[in-house]
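Open the model in your viewer and keep the selection box handy. We will go from stop to stop, and at each one you will find something to select.

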Amino acid sequence: MNVFERLEGAILHLQFSNPPVNALSVGAGLVGALHDAIAKAVADPDVAAIVLSGAEGRFSAGADLRDFDNRPERLDRLRDLFTAIEASPKPVIAAIEGLCIGGGLELAIAAHYRVAADRARFAFPEISLGLLPGAGGTQRAPRLCGASHALDLILSGKQISAARALEIGIIDHVADDPVAEASRLFARGTLNAVRPSGEMAVPADVAEAVEAARQAKSLSLAALRAIACVEVIDTVPFEQGLSIEAKHFAELLDSRPSKALRHGFFGRREVARIPGAAKVEARRIDSVTVVGGGLMGTGIAIALLDAGLNVTLVEPRDEGRANARKAIMKTFDRNVEKGRLGAEVAAQRKAALSTCGTLEEAGEADLYIEAVFEDMAVKREVFTALDRIAPPHAILASNTSTLDVDAIAAFTGRPQNVVGLHFFSPANVMRLLEIVRGARTSPETLTSAMAFARQVGKTGVVAGVCDGFIGNRIFEEYLRQAWFLLEEGALPQQVDGALEAFGMAMGPCRVMDLAGQDIGWSIRKRRAAEQPDRPYSRVPDLVCEMGRFGQKTGAGFYLYPDGRTPQIDPEIEQLILAESERIGIERREIDDKEIVERCIYAMVNEGARIVAEGIAYRPVDIDIIYLDGYGFPAERGGPMFHADQQGLATVLDTIVSFAAGLHGWAWEPAPMLVDLVERGETFASLNCA
Ligand code: 3H9
């Protein structure tokens, strides 16, 4: 953290530095140092203008998010700095390179002028953290670029280019070297009048822009508050607008959605850290061989090509290979058609793919990902061959979602190089990558797998070896409750409706109809043999016995006349009622609260076991898996964070009350949960371990 001063003629250059993203930190002293430097420059008769820039080719990623918790009063210091800059009697020019977002953009628009490099990017990303620009952004930006453009920036959170920022008037000039250009323009007399944005005229489009913004569907709390801030521009003076904005910001900071979204932001970065790991270099991965050209292998190949890797897809069946290639090419063509990808980039990605029928033909790669049928005998065949063919440095990964990674590693003479890379379908869309650490996986392999996840734009989360790893093991408990609820009195649409109202992207009946009911059926058959003491409801099995496997067969829990849209089917209601009668359950009214608590607390209880067993390093790892892989609502922060918010004592009491009901065996409280409640602690307290 530092502010560097350099006087060049009458221009004082102030360059601030706070690696890695130049966050405007009060706690670390940057904001105070900048404020002092500005005050000193204003008092110094030798200084006629101030040029502000960020170190290392970037302006700033905004306020320091670490200042937010517990010490929100610190943020007033940031606001005071911006007021001092705006009030400076000497022109302050922001010279912008790289990222200029959030509080960084608010700093830039508190200055009197902005000169930016062509590659600079601008945004107000606060909305993705459940916040609004709270240091003048909602009051200054509309005065500079109009309310409609300002609201676009604030409500979308999206980055815009320097060219676009110039076009809408948020910056004044674009130049190769913004610092030099700022000095030159000042010397030429172009930028030397003091021009506070707060004193600029109120834009004419406030009412119209506010009205248009309110038309959007399902506006978040932060969006509603941001619109309210912009709305007052028409009616109150600038300073009062700033106080209104600060009040809304403080309330949002304390709101459940923002706390959850900030937990997700830091959680995604936290899960990248392997506790206690010695620092090892990740191996460089340029080429990957994917073994298996089915749905999963194809999706994985697309994801890797999208990340700029060279990919060889090995599929022994001629037809399967041709289909895989066709599907990959079609995906790139569709992306070009939809304007998501340039034709040239698509051509490069297509050219980076080769396909062949055998591993021998594939040539050497840095990483091999097996995505063949979930059968140990087939895995043995592939890994024995990989061990024979792959170069010594290569990482050998299995995409298994159920099988024992240690047993797979034992098929090779190099178990230290073996790891699980569990992609989620469709692999080119889903953000989560569960990285399964075998008992003998080396730290270098694990670190390389984490770096690989980042390289291909995925959130990598490490899981230990157990049946279902973290994600599917917890999901099984969630589904178990959903199916029990059906036989006790609820219908699919009610279970789905309650969980969707809670915020899940899709309820369990719809999810399994989408994924294929036959997948759950085969797992339940296996479980019935392995764990006869842990019964399941037979309801979904009965649906499968009718040949209804979900969307792919046109019917599952619902009917799908158009292949996608679920339609309630009275036949399923009859089937469920008959099953309740057959097993002697008197159906009862079940409210949405019970549905949500049973399904979500079942996840929490199993999650606590998973942390206690060391399968997950920390509770936050479970949260991120659920946020990025299972459609858990971002504004609830994941199951473990949600449990903390409810209060663990309340969660435990509820679990104990369920234990007294039907299928009480499924509700034995996890010892870790009991222990945390006894100590008055939270799951969050285990995240920093
Ligand atoms: C704001 O400004 C509020 C104001 O309107 C009002 C106030 C009153 N603070 O993501 P990366 C850390 S709200 C503190 O891995 P990338 C991050 O934790 C803020 N730390 O790199 C990580 O640390 P570590 C509005 C921050 O290149 C390291 O930097 N701003 C902040 O993939 C590298 O980050 C935002 O919402 C921060 N603001 O992406 C921007 N930002 O290495 C949030 C980052 O210890 N940030 N760190 O794990 C981002 O979107 C991305 O981090 C960014 C870089 C695009 C900047």
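How do the residues of the shell around the ligand divide into nonpolar, polar and charged? There are 18 nonpolar, four polar and eight charged (Ala, Val, Leu, Ile, Met, Phe, Trp, Tyr, Cys and Pro count as nonpolar, Asp, Glu, Lys and Arg as charged, and the others, Gly among them, as polar).

Before you select anything, note that this is a predicted model, in which local features need pLDDT of at least 70 and side-chain atom pairs pLDDT 80 or more, while totals for chains, interfaces and linings use all residues. Residues are numbered from 1 along each chain as its sequence is written, and side-chain values use heavy atoms, with hydrogens and water left out.

**The ligand**

Select the ligand and the 30 residues around it (a residue is near if one of its heavy atoms lies within 4 Å). Those that come nearest are Ala-61, Gly-103, Glu-106, Glu-126 and Arg-269. Now color helix 2 (74–87), which gives the most to the shell, with three residues (helices are DSSP runs of H or I, at least four residues, and strands are runs of E, at least two, numbered from the N terminus). Strand 5 (99–101), helix 3 (103–110) and helix 11 (256–270) each supply at least two residues as well.

Next, show polar contacts (pairs of N or O atoms within 3.5 Å). A polar side-chain atom of Arg-66 sits 3.4 Å from a ligand nitrogen. On ligand oxygen atoms, look for a polar backbone atom of Gly-134 at 3.1 Å and a polar side-chain atom of Arg-273 at 3.3 Å. The protein buries 78% of the 1000 Å² that the ligand exposes when taken alone (Shrake-Rupley areas, 1.4 Å probe; for residues, only the protein chains shown count as cover).

**A helix pair**

Move to helix 26 (residues 619–629) and helix 27 (residues 639–646), whose axes are 6 Å apart at an angle of about 115° (axes are lines fitted to C-alpha atoms over the stretch in contact, and angles run from 0 to 180 degrees between N-to-C directions). Pro-619, Ile-622, Asp-623 and Tyr-626 of helix 26 meet Pro-639, Met-640 and Phe-641 of helix 27 (contact means heavy atoms within 4.5 Å).

**Backbone stops**

Most residues other than glycine have a negative phi, and most peptide bonds are trans. Select Glu-56, which has a positive phi of about 60°, in the loop between strand 3 (49–54) and helix 2. Finish at the cis peptide bond from Pro-19 to Pro-20, with omega near 5°.

Key
A polar contact is a pair of N or O atoms within 3.5 Å; within protein, one must be able to donate a hydrogen and the other to accept it, and residues adjacent in sequence count only if both atoms are side-chain atoms.
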